[in-house]
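Got the structure open in your viewer? Let's walk through it one selection at a time.

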Amino acid sequence: MSLQVRALTAGYWRGPDVLRGVDLDVGADELVTVLGASGSGKSTLLRVLAGLHPVRSGRVVVAGHDLTHAPPERRGIGLVPQDGALFGHLTVAQNVAYALPRVRGRAAARRHPRVRELLDLVGLADLTDRLPHELSGGQVQRVALARALAPRPRLVALDEPFSALDAALRQELRAHVRRALREAGTPAVLITHDQDEALSVSDRVAVLRDGVVVQSGAPQDVYRAPADTATAVFLGGAVLVPAHASGGTVCTPVGTFACTADGPVVVVLRHEQLEAAPDAHGEGRVVDVEYFGHDCLVHVRVPQGPALVCRRAAPLAPGTPVTVTVRGPVHVLPA
Amino acid sequence: MEDEVSLTLSPAPGPSARGRGPTTPVIPSYEGRPMSLPLHTRTLAAVGALTLALGLSACSSSPAAGEQQSTATATPEQTESATPLVVYSGRDEGLVAPLIEKFEAASGVDVEVRYGGTTELAAQLLEEGDRTPAHVFLSQDAGALGALADAGLFVTLPGSITSAVAPQYTSTDGTWVGVTGRARVVAYDSQQLTADEVPTDLAELTDPRWRSQVAIAPTNASFQTFVTALRETAGEQAAQAWLEGLVANDVQVFEKNGAILEAVDAGTVQLGLINHYYWAGHEQDPTTLRAQLAFGAPGTVDALVNVTGAGILAGGTQHPAATELLAYLVGDEAQTYFVEETHEYPLVEGVGSPAHVPPLAELGGPDLDLARLASLEQTVALLTQVGLV
Amino acid sequence: MRQPWGPGTARAPGALLAVAAGVVALAAVPVVHLLLRTAGGGVDRTLGVLLRPRTAEMTLASLSVAALVGAGSLVLGTATAWAVTRWRLPLPRLWPVLAALPLAMPSYVLAFAWRAVDPAVAGMAPLVVVLVLACSPLVTLPTAAALRHADPGPAEAARTLGAGRLRVALTVELPAVAPAALAGALLAALYALSDFGAPATLRQPTLTWGVRAAYEGGLDRHLASVLSVVLVACGAVLVVAERLVRRRAGRRARWQVRAAEPVTVHPLTRAAAVTGLLVVTAVPVVLPVAVLVHRATLARTRSLDVPRVLEGVVATLGLGVTAAVVVTILAYPVAAVAARDARPRGRHLESAAYLSQAVPGIVVGLSLVSFSLTVLPGLYQSSAVLVLAYVVLFLPRAVGATRAALARVPEGPEQVARSLGHGPWRTWAGVTARHAAPGVAAGALLVAITVSKELPATLMLRPTGVETLATSLWGHTANAAYGAAAPYALALVLVAVLPAWALTVATARKEGVR
């Protein structure tokens, strides 16, 4: 186990606890994403891991060493900050070589085998002598990653590494980072508030809310079976239908489903599970359409029941009568 | 159940418009300044307004030397329309200002004095030429007076003024009149030297024994006149050699004679070339000072007696009170003032002699026509060449 | 009058540009006149002066003082800034405020106080010490601001990469603020080069001293002119260098919302830091004042002429305020063009105004004496020429302050006001002027105070009968009459030093140095 965090609490200068008992595990070769909204404490968690913020209680154990109170320079935890935080007066090669012993000067940095290896890894081998202000956003992040990997850390912590970039670049960079970390064989913790990122890039997702990890697991598990409604909504578009379950089933205006729970429940319906088919005799009416190019979200009003948001390939004109059906298994949460 | 609010709680709509995340953290702290001025700026504004009022009131009235005293003793004859008498004084304000005030009180004339170095003011007068606003020039030494006279900047003075002073202490052509006499002396540190050890012949000052221990004021007119006298009596070569010797001997340069005296008195240097009255007129009883005077051997240039003097400028406007001022300066009242207050030698008979120093007749200055001291320009060129200026 | 143009247009109207160019041309008058006069003296004579050993000696001395003071201020200022911003010290709000204090004290008062205690003090070493103490806030203030607002990200990243605190400080944090510190050091070097009062009091021959000596003790003004040209040339090099470095500092600057936390240090280190800070900041001001008060009380009643001192105060304040008003009004067009004009000429105009910083006070005085006599004889020896000298000397400062104030005026309210139908004048009065007023007023007050302390130009250009506190003090210092000089020095401290300090603190607070 590369990283073990147990019952971690931390806060700011006599203020209340921001992290209120966080438990987290990261295995060797794993990329775990801590997903949380702004204010959930994920930045604090990362800073605590890196040693830049003091711990109030709990433990941080990395590769068997208890590093709870160790200073940052002795933790062996690499940090990739949100804006890269490159050293503005050093070249790319010098930045990467910072943690390597006895590398002085641009030429030495450029020639160092580890530097070249890492720059190849992130695909920036021809930018050795550039200065940080001459790099694009994506390039800055990649250099920051190479720099963090240079001293072969036990763990790499990435702070919302893609948030400052535009969408196309983000995709590309995610792939780069994933591949680089895999090839380097270094476990990583990534924090983000973007659920796309969390789901696409990580081996496991830990959802952080109000200073505690409310759910942790593989992306598909967390997506399909969220632990509570807030998590469900946070991880992707959902329609929440309150209903009453009894006798193994639950009745909703869009259908009846099997259910193991009893009593008041909330049925979680993902947008992609709701199919809106044009039907002259359908009870639903399209009230709004959001078109995204590759697909669209259709808002449907049904006579009895909630407003439904259905994902479909082609848009429908508002007012079209539709029938909404549910595809695939639904997840039911106690209310 | 049909409540919409709790249901369609999808996050940012659509996959292509997912949350952008926090903006780049470049937020200067001073954006969004409030419209009203903060408290400390208001205080500043109040202070500023106050000083503005004060300043404007100051600008509207023009302060002049001696005026604040004369308002108390304004005589009825003081006319409103009289333009002030402008005097350029190479003599120190501390020495001359009280006398000027007395003149103002006695004559009712408004006097404005511009103080500066004698050489500086002489240069300024030369540059100003006909456009000079000055009426009278008070000089610290004869050399500058001679130089200006040679340049034709003075008017010829009435005989009543020039004859009041002994002829060897005034101009030969009547362009300027001597007012007081001053002896060139050597101030020495009496704690480190006895009177016998002090060299009487200033040529000895280039000896390595006096390395860094001699103080002079080469920008001061008195020293410059002394160098002129040296050039005239001993020749150009000798004067240049002496100056170069002083420079090689690390001579200490001061701006004014008063500072030299203080330095000798503090023991910073052992010898200083000054005029006698700085010592004689010291606040403390001069005989108790650490610095004592040694007069030059009579008959040599080291015992040079220089004179201060005054002339009336020919250029610009003429002021009727200019002659009055000069007459006052060679009158008994002013001469007595010079003896008692500034401790200089009077140049008129029957006024007495300053205390603690030998009388004028005994000093034995060299037989030198003061008119020959007019070659001030060459002296300055020499000093520049040697590197003292 | 100047015509403010509408927001959103990036080009200044021709009238404003013409006025701004006229102001800059006015500021260039002394230098141009000086060069013409020197050239008029003949090539042989000029070369003769340039090549004599004394000139070389004085040039070397001036350059040495500038270099030593620049280096000394860099070291001292950076260390002070570091201690003030990065270490947890007792009374944390006190130190940034104290750090600005020595800047308010004129160097010649400091030198004078030292000489009052030890009459033998003279030469290069005491001069460097005095100037370093007086000028190091020029490095401390911008470096502290840069440190306080530096992005803590790289430093934190460096620590995760295994670097200890010392290595991080040396390899990451200090290089990040190096341009700001360097710009400050160049400014300190420029001040040291141009200073007249301290070298003259401490009897160290430098070019400024040489110019005064030539003027005072010689009949040949040409010598003074040539020396002045040498001085201006050296100053110009420093000004250009400072501008380039400061531009780089501005480019690199990124203001962060989160600042680095101060670090707790060992109690011994803390005690040493506090002592050091007190010596560097409070001693240069408190000690001279104490010495002066002591001397003033020792002086006999005859020396203490209170009406004369008050007269000096009034004259000083009057000149200061007049100069501040004139300078600020003249600076406004230049600053407006520089702040708003998108094309490079705005910057060029400001740079041209900035270059007059290379001309020391003594040279401005020398040049304007001759200029007013030959070209404007009606104004000869009038306050108008003296105010003109102040304009030349302090225009860059006023332009800088006004431009900064104008640059901070948000364009949003202006555009809204125009879209609501307010004309350009009304927008200017209601929005622009109101936002910029505090900054402009602060700049004007600072000019007033600095004018009060000015010495060499005032010595040469003051009208007959007018004595400011600085010139009276100077007259008595030259006579080594410390007792008589002390009241003037004290009055100068009250009139100029304390307000200058208060203003620098207020301005620094605005810039974000807490």
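**Start with chain B**

Select chain B: 48% of its 389 residues count as buried. Keep in mind as you click around that this is a predicted model. Colour chain B by secondary structure and you should find 14 helices and 10 strands. Now think about its contacts with a separation of 6 or more: 79% of them are between residues 24 or more positions apart.

**Over to chain A**

Hide chain B and bring up chain A. Its secondary structure comes to nine helices and 20 strands. Turn the C-alpha trace around and you'll see a span of about 75 × 45 × 35 Å along the principal axes. Of the 335 residues in chain A, 47% are buried. For contacts with a separation of 6 or more, residues 24 or more positions apart account for 63% in chain A.

**The six-stranded sheet**

Which order do the strands take in the open sheet of six in chain A? Read across and you get β6-β7-β8-β3-β9-β10, with mixed pairing. At the edges sit β6 and β10 (212-217) of chain A, each of which pairs on one side only. From one strand to the next, the twist averages 20°.

Zoom in on residues 155-159 and 188-192 of chain A, which are strands β7 and β8. They run parallel and are joined by four bridges. To look at one pair, pick Asp159(A): its bridge partner in β8(A) is Ile191(A).

As a bit of background, strands of a sheet pair through backbone hydrogen bonds, either parallel or antiparallel. Both of those words will come in handy on this tour.

**The five-stranded sheet**

Stay in chain A and find the open sheet with the order β13-β12-β11-β14-β20, where the pairing is antiparallel. Its edge strands are β13 (255-258) and β20 (331-334) of chain A, and each pairs on one side only. Ignoring direction, neighbouring strands of this sheet are turned by 35° against each other on average.

For a closer look, select residues 249-252 of chain A, which make up β12. Four bridges tie β12(A) to β13(A), and the two run antiparallel. Which residue of β13(A) is the bridge partner of Thr249(A)? It's Ala258(A).

**Two hairpins in a row**

Next, select residues 284-291 and 296-301 of chain A, strands β16 and β17. Six bridges join these two, running antiparallel. Show side chains for Val286(A) and, opposite it in β17(A), Val300(A). This hairpin has four residues between the strands, and Gly293(A) takes a positive phi near 95° there.

Carry on to residues 307-312 of chain A, strand β18, which is antiparallel to β17(A) and joined to it by six bridges. Here Leu297(A) stands opposite Arg311(A) in β18(A). Where is the positive phi in the hairpin of β17(A) and β18(A)? Look at Gly305(A), which has a phi near 135°. The hairpin of β17(A) and β18(A) has five residues between the strands.

**Where chain A meets chain C**

Now show chain C alongside chain A. The contact takes 18 residues from chain A and 16 residues from chain C. On the chain A side, strand β6 (residues 77-80) gives the most, with three residues. Colour the side of chain A that touches chain C by class, and you'll see 12 nonpolar, three polar and three charged residues.

**Helices in chain C**

Hide chain A and select residues 107-117 of chain C, which form helix α6. Buried or exposed, how do the residues of this helix come out? Of its 11 residues, 10 are buried, so α6(C) is largely enclosed by the rest of the structure. Among the buried ones are Tyr108(C), Phe112(C), Trp114(C) and Arg115(C).

Last stop: select residues 14-40 and 383-407 of chain C, helices α1 and α18. Two packed helices are described by the angle between their axes and the distance between the axes. In this pair, the axes come within 9 Å and cross at roughly 120°. α1(C) and α18(C) are therefore oblique to each other, and their crossing is left-handed. To see what touches what, show Leu26(C), Ala27(C) and Pro30(C) of α1(C), along with Val391(C), Val392(C) and Leu395(C) of α18(C). By class, the contact of α1(C) with α18(C) has six nonpolar residues, no polar ones and no charged ones.

Note on methods
Residues numbered from 1 in each chain as written. Chains lettered and ligands numbered in written order. Predicted model: local features only at pLDDT ≥ 70, side-chain atom pairs only at ≥ 80, totals over all residues. Pairing = 2+ DSSP bridges. Axes fitted to C-alpha atoms, helices over the stretch in contact; angles between N-to-C directions. Contact = placed C-beta atoms within 7 Å. Nonpolar A, V, L, I, M, F, W, Y, C, P; charged D, E, K, R; others polar. Buried ≥ 20, exposed ≤ 12 C-beta atoms within 10 Å, placed from the backbone. Parallel < 35°, antiparallel > 145°, perpendicular 65-115°, else oblique. Left-handed = near helix turned anticlockwise from the far one by under 90°.
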